[in-house]
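I am opening a notebook on this structure and will write down what I look up, entry by entry. The order follows my reading.

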Amino acid sequence: MENGTSHSLQDELDTQDLLHGNVLVFHHLMSSLKSLSLRCACGLGIPAALHRLGGSATAAAIVAETGLHPSKLPYLRRLMRALTVSGIFKQQPSPSPAAAGNDDTVYTLTPASRLLVGDTPSSTMSALLSSRPEAGFAMFFRLEEWFRDGGGGGGAGTTTLFEMAHGVASPWDLAREDDDYNRALNEACVVDTSFVMDVVLRGAGGDVFRGLTSLVDVGGGYGAAAAAIARAFPDVKCTVMDLEQVIRGAPVDGGVVQFVAGDMFQPVPPAQAALLKNVLDCWSDDDCVKILRQCKKAIPTRDAGGKVIIINTVVGHGPNDVAVRETQVLYDMYIMSVDGTEREEHEWRKIFLEAGFSDYRIMPILGYQSIIEVFP
Ligand SMILES: C[S@@+](CC[C@H](N)C(=O)[O-])C[C@H]1O[C@@H](n2cnc3c(N)ncnc32)[C@H](O)[C@@H]1O
C-alpha cells in the first residue's frame, strides 16, 4: 500500500512536469505571435492613438481613432488583451458593469507602449517593426537552413544570415547601396541613442564624461550621442567618425560636433576618450580587437585620462529579471545574423586584454545594456 501511494505520487509529479513542459513548448511556439501582435499594433498606430486619446481608451474608441472598420472591434479587443497580458498595455476595470456583450474595458499606455508612440521608436525596434520585415524577423525563418548550408561548404562557409536574406554581408553594405535604407537606419539610431543618452547623462553614467577635454565617437552615426555629450559638457570637444555614406547625410546640428568620414579599422581621430556605442556587438572578436587597437592608438595613457567608453550589453549583468536576461540572449541571436555577438564579461575581458588594455569597469545601469570604461 505504502509503495502504491508513493508510486502514484510520483506519477502525479511526472504528470505535472509534463503539463508544465507542454505549457513551456506552447509558450515558445506562441511567442512569435507576441512580436507579430506588437508589430501589428504599432502598424495600426494603436500606441499613438491611445496617446492622442489622453493615454487611455476603450477598444471602441481605439477602433474609431485608428480608422478601422467597426466589424474589427471584437478582434481588436483580443489583440489588446494579448498585449495587455504581456505587459505592453494596461487594462483598467470597466467603470460601469458591462451590459451583456458590451465591453467597455479601458486600455492604458504603459512605460513600454509610451516608447512606441513616435514614428521611429528606436533603431532595433524600427528594424523589427519595419515595413520591410526581411530586415528583421523574416530572415530567421532561414536560421535552420543557415546552420545546415549557410555559405555553402556543408555549413562551414562564412555567409551571414543577413547575407542570405539581402545578398550583402551587413546593414552597412546595404546602406551603401540603398539610400532609403541608409537614411532610415541612421535616423532610427538617432532616436534610440537620444533616449539612451538622456538616461546616461541624467544618471550616474554622466560621470564617465565629466572632466574630459575631447572625445571621438567611433561609428557615431548622425552624432546623437556626441551632440548630447557636447551639450551636457560644453568643454568636451566632440568628433564623430563614421563611414562616408553616413557622414554625407549627417545633420549640421549647430556645429556642436565635428564630423569626419573614415573607417574604424584605420587610424581614428585622436581624442582623450573614444566612445563605441552599439558598435562592437556587430563584429567578431578579431574585428573588435582591431577596432579597439585603433582606439587605443587614438587616446593618451590612463594617467592622462585616456579611456575607451563602450555602451553595449554585458550578458548576465543588469537587473536580475527574466525580461532582461531573455532580451540579452535573444538580442544575441538577432545580432548573430551579421556575425556579431552579445558578450559575457569574460568574453569582453578577453578582447580588451588582446587589444592591449589593462583594466575595465562595468556599470550595469542601462537596463539590459551597460557602460564599460576600458583603460589603457
Ligand atoms: C549600430 S550603429 C551605431 C551608431 C551609433 N553609435 C549609435 O549608437 O547610435 C553602428 C555604426 O557603425 C558604423 N560603421 C560600420 N562600419 C564602420 C566602419 N568600418 N568605420 C566606421 N564606422 C562604421 C555604421 O555606419 C553605424 O553608424
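**Entry on Asn 186.** I began with the neighbours of Asn 186 in this predicted model, and leaving aside residues up to four places away in sequence, I found that Asn 186 touches Tyr 222 and Val 246. I then looked up where Asn 186 sits, and the residue lies in helix 10. Is Asn 186 buried or exposed? Its relative accessible area is 7%, and because buried means under 20%, I entered Asn 186 as buried. I also noted that its side chain makes a polar contact of 2.8 Å with the side chain of Asn 182.

**Entry on the ligand.** From helix 10 I went on to the ligand, and asked which residues around it come nearest. There are 17 residues around the ligand, and those that come nearest are Thr 193, Gly 219, Asp 242, Met 264 and Lys 277. I sorted the residues of this shell by kind and wrote down 8 nonpolar, 6 polar and 3 charged.

I next looked up polar atoms facing nitrogen atoms of the ligand. For Asp 263, a polar side-chain atom lies 3.0 Å from a nitrogen atom of the ligand. With Met 264 it is a polar backbone atom that is 2.9 Å from a ligand nitrogen, and with Lys 277 a backbone N or O atom lies 2.8 Å from a nitrogen atom of the ligand. As for cover, the ligand on its own has 590 Å² of accessible area, and the protein covers 92% of this. I also checked which elements give two or more residues to the shell around the ligand, and these are helix 10 (179–202) and strand 5 (237–242).

**Entry on helix 11.** Strand 5 came up again when I turned to helix 11, which spans residues 224–232. The buried residues I listed in this helix are Ala 224, Ala 225, Ala 226, Ala 227, Ile 229 and Ala 230. What covers them? The cover of the buried residues includes helix 10, strand 4 (214–218), strand 5, strand 6 (257–261) and strand 7 (273–277).

**Entry on Ser 370 and strand 12.** My next stop was Ser 370, whose place is in strand 12, residues 369–375. With a relative accessible area of 1%, Ser 370 is buried. I listed what it touches, not counting residues up to four places away in sequence, and found Ile 310, Ile 311, Asn 312, Thr 313, Val 314, His 317, Ile 362, Met 363 and Pro 364.

I then widened the view to the strand as a whole, and 7 of the 7 residues of strand 12 are buried. In a regular strand the side chains alternate between the two faces of the sheet. Which residues of strand 12 point one way, and which the other way? I wrote down Gln 369, Ile 371, Glu 373 and Phe 375 for one way and Ser 370, Ile 372 and Val 374 for the other, and all are buried.

Looking for the partners of strand 12, I found that strand 8 (residues 307–312) runs antiparallel to it and is joined to it by 5 bridges. Asn 312 stands opposite Ser 370 in this pairing, and Asn 312 is also among the residues that Ser 370 touches. Strand 11 (residues 359–366) is joined to strand 12 by 6 bridges, and these two also run antiparallel. Here Met 363 has Ile 371 as its bridge partner in strand 12. Strand 11 and strand 12 form a hairpin with 2 residues between the strands, and in this hairpin Gly 367 takes a positive phi near 70°.

**Entry on positive phi.** That glycine led me to look for other residues with a positive phi. Most residues other than glycine have a negative phi. Asn 278 has a positive phi near 55°; it is found in the loop between strand 7 and helix 13 (285–298), and at 25% relative accessibility it counts as partly exposed. For Asp 339 I noted a positive phi of about 65°. Asp 339 is found in the loop between helix 14 (322–335) and strand 10 (343–344), and with a relative accessible area of 48% it is partly exposed.

**Entry on the chain as a whole.** Last, I looked up totals. The protein chain has 15 helices and 12 strands, and buried residues make up 41% of its 376 residues. The chain exposes about 19700 Å², of which carbon and sulfur atoms supply 57%. Among contacts with a separation of 6 or more, residues 24 or more positions apart account for 60%.

Notes: Residues numbered from 1 in each chain as written. Predicted model: local features only at pLDDT ≥ 70, side-chain atom pairs only at ≥ 80, totals over all residues. Heavy atoms only, no water. Helix = DSSP H or I, 4+ residues; strand = E, 2+ residues; numbered from the N terminus. Buried < 20%, exposed > 50% of the residue type's maximum accessible area, 1.4 Å probe, protein only. Contact = heavy atoms within 4.5 Å. Areas by Shrake-Rupley, 256 points an atom, 1.4 Å probe, with all protein chains shown as cover. Near = heavy atom within 4 Å. Polar contact = N/O pair within 3.5 Å; in protein donor to acceptor, adjacent residues only side chain to side chain. Nonpolar A, V, L, I, M, F, W, Y, C, P; charged D, E, K, R; others polar. Pairing = 2+ DSSP bridges.
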